[in-house]
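Visitor: Hi, I'm new to this one. Could you walk me through it?
Guide: Sure, have a look first and then ask away.

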Amino acid sequence: MSRGRWRDMAAEELQQQYSPSRWARRLRGDAAVRAHIEAVTAGTQRARAGTRSSLHVPYGEADGERLDIYFPAEPSETFPAFVYIHGGYWQCLSKDASGFAAPPLVSRGVAVVAVGYDIAPKGHMDAMVLQVRRSLAFLAKQYSGIRGIYLCGHSAGAHLAAMVLCTDWTEFGVVPDIRGAVLVSGLYDLEPILHTYVNDALNMSWEVAQRNSPMLCITQAVPAAAACEVLVAVAQHDSPEFRRQSQEYSQALRSAGWSVSLLDLATVDHFDIIEKLSEDTYILIQVILNMIARG
């Protein structure tokens, strides 16, 4: 499917393509979403119980501008930071369900940062993108011990992480040392969303969708960007449209000189592809740890 293929779809088909819960393996519809929220929330509670952390750290003035930091098990003056941006179609979930990947990472010397942002309808797309960028600038300024930032986002969070990659940092007064990005089952072209139920809460105009589509704001890789390793991950049981978006975005990054790889994960769907980050033996955790080791 090329980037224009979705325009030929009937309205119902387009809704289905952009409804991840209709493609889930274990449960379908609302039950799949509920099970996912329960899984990542329970995983975050376990992480908070077993990890040294600083919770609800403000990176700005707004209520949603808070982040949680889970520190490495072994104290060290410097450490890499895995910065996680949650999904939820920009309108559900929070940082309080975003620490589930901490246990396998902090045990190997990696700090985990769960970023909060104002979801819709309170938050709108321009503001969410700005908040996530500001959270990265805050980390770079406030935590001198961070030795390399490794971004990770799931679904809508992968979209926000991708928007971080095309940031002009001059207005922020700092350039975060982003050495890697792991974009999981993400959306990189927002225009199709305008024609689905997802936009009911977001209320995006065409102009907002265009300027916040990572596909449309890829920068040519300057030396700093070329040193940032990008992994675009997609699930076997993601919808064809989600899979197309991942493939086309990774190709576009590669064409612009970025170091990028596409990982197609077998047996998983849109939800357990990220839930399994709580497991030591999960292939994506191993890939992330290898990325950090190279960085």
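Guide: What you see here is a predicted model, and we can go through it topic by topic.

Visitor: Let's start with annotations. Which residues does UniProt list for "active site"?
Guide: The UniProt record, an unreviewed entry, lists Ser-155, Asp-238 and His-270. They are spread over 116 residues of sequence, yet they cluster in space, with a largest C-alpha distance of 10.5 Å.

Visitor: Where is Ser-155 found?
Guide: Ser-155 sits in the loop between β5 (146-154) and α5.

Visitor: Buried or exposed, that Ser-155?
Guide: Ser-155 is buried, because its relative accessible area is 5% and the cut-off for buried is under 20%.

Visitor: And what does Ser-155 contact, leaving aside its neighbours within four places in sequence?
Guide: With those neighbours set aside, Ser-155 is in contact with Gly-87, Val-184, Ser-185, Gly-186, Leu-187, Phe-242 and His-270. That last residue, His-270, is also on the UniProt "active site" list.

Visitor: OK, and where is the place of Asp-238?
Guide: Asp-238 is in the loop between β7 (229-235) and α9. Asp-238 counts as buried too, at 5% relative accessibility. Not counting residues up to four places away in sequence, Asp-238 touches Ser-185, Arg-243 and His-270.

Visitor: You mentioned α5. How many of its residues are buried?
Guide: For helix α5, residues 156-165, the count is 10 of 10. Among them are Ala-156, His-159, Leu-160 and Met-163.

Visitor: Does UniProt have anything else? Say, which feature is placed at residues 67-165?
Guide: The unreviewed entry places "domain: BD-FAE-like" there. Over residues 67-165 the chain is 33% helix and 25% strand, and the end C-alpha atoms are 19 Å apart.

Visitor: Switching topic: which residues touch the most other members in the largest nonpolar core?
Guide: Those are Trp-90, Leu-151 and Leu-183, in a core of 66 residues. Another core, of 34 residues, lies apart from that one, and Ala-47, Ala-102, Cys-152 and Ala-235 are among its members.

Visitor: What is Trp-90 in contact with?
Guide: Leaving aside neighbours within four places in sequence, the contacts of Trp-90 include Ile-119, Met-125, Leu-187 and Val-198. Trp-90 also contacts Ala-156, His-159 and Leu-160, three residues that are buried in α5.

Visitor: Now the empty spaces. How many cavities of 30 Å³ or more does the structure hold?
Guide: There are 2 of them. The largest has about 40 Å³ of space, and the second largest about 30 Å³.

Visitor: What lines the largest cavity?
Guide: The lining includes Ala-162, Leu-165, Cys-166, Pro-214, Tyr-249 and Trp-258. Both α5 and α9 (240-255) supply at least two residues each. By class, the lining of the largest cavity has 9 nonpolar residues, 1 polar and no charged.

Visitor: And the second largest cavity, by class?
Guide: Its lining has 5 nonpolar, 5 polar and no charged residues. Among the residues lining the second largest cavity are His-36, Tyr-84, His-86, Gly-87 and His-154. You've met Gly-87 already, as a contact of Ser-155.

Visitor: One last spot: where is Ser-21?
Guide: Ser-21 is in the loop between α1 (11-17) and α2 (30-50). At 13% relative accessibility, Ser-21 counts as buried. Apart from neighbours within four places in sequence, Ser-21 is in contact with Leu-27, Arg-28, Gly-29, Ala-32, Val-33 and Phe-271.

Definitions and conventions. Residues numbered from 1 in each chain as written. Predicted model: local features only at pLDDT ≥ 70, side-chain atom pairs only at ≥ 80, totals over all residues. Heavy atoms only, no water. Buried < 20%, exposed > 50% of the residue type's maximum accessible area, 1.4 Å probe, protein only. Helix = DSSP H or I, 4+ residues; strand = E, 2+ residues; numbered from the N terminus. Contact = heavy atoms within 4.5 Å. Core = buried A, V, L, I, M, F, W, Y, C linked by side-chain atoms within 4.5 Å. UniProt positions renumbered as here; feature names shortened; annotations may be inferred. 1 Å grid on protein atoms, 1.4 Å probe; cavity = no way out; pocket = protein on both sides within 12 Å on 5 of 7 lines; lining within 4 Å. Points joined across faces, edges and corners; volume = space filled by probe spheres on them. Nonpolar A, V, L, I, M, F, W, Y, C, P; charged D, E, K, R; others polar.
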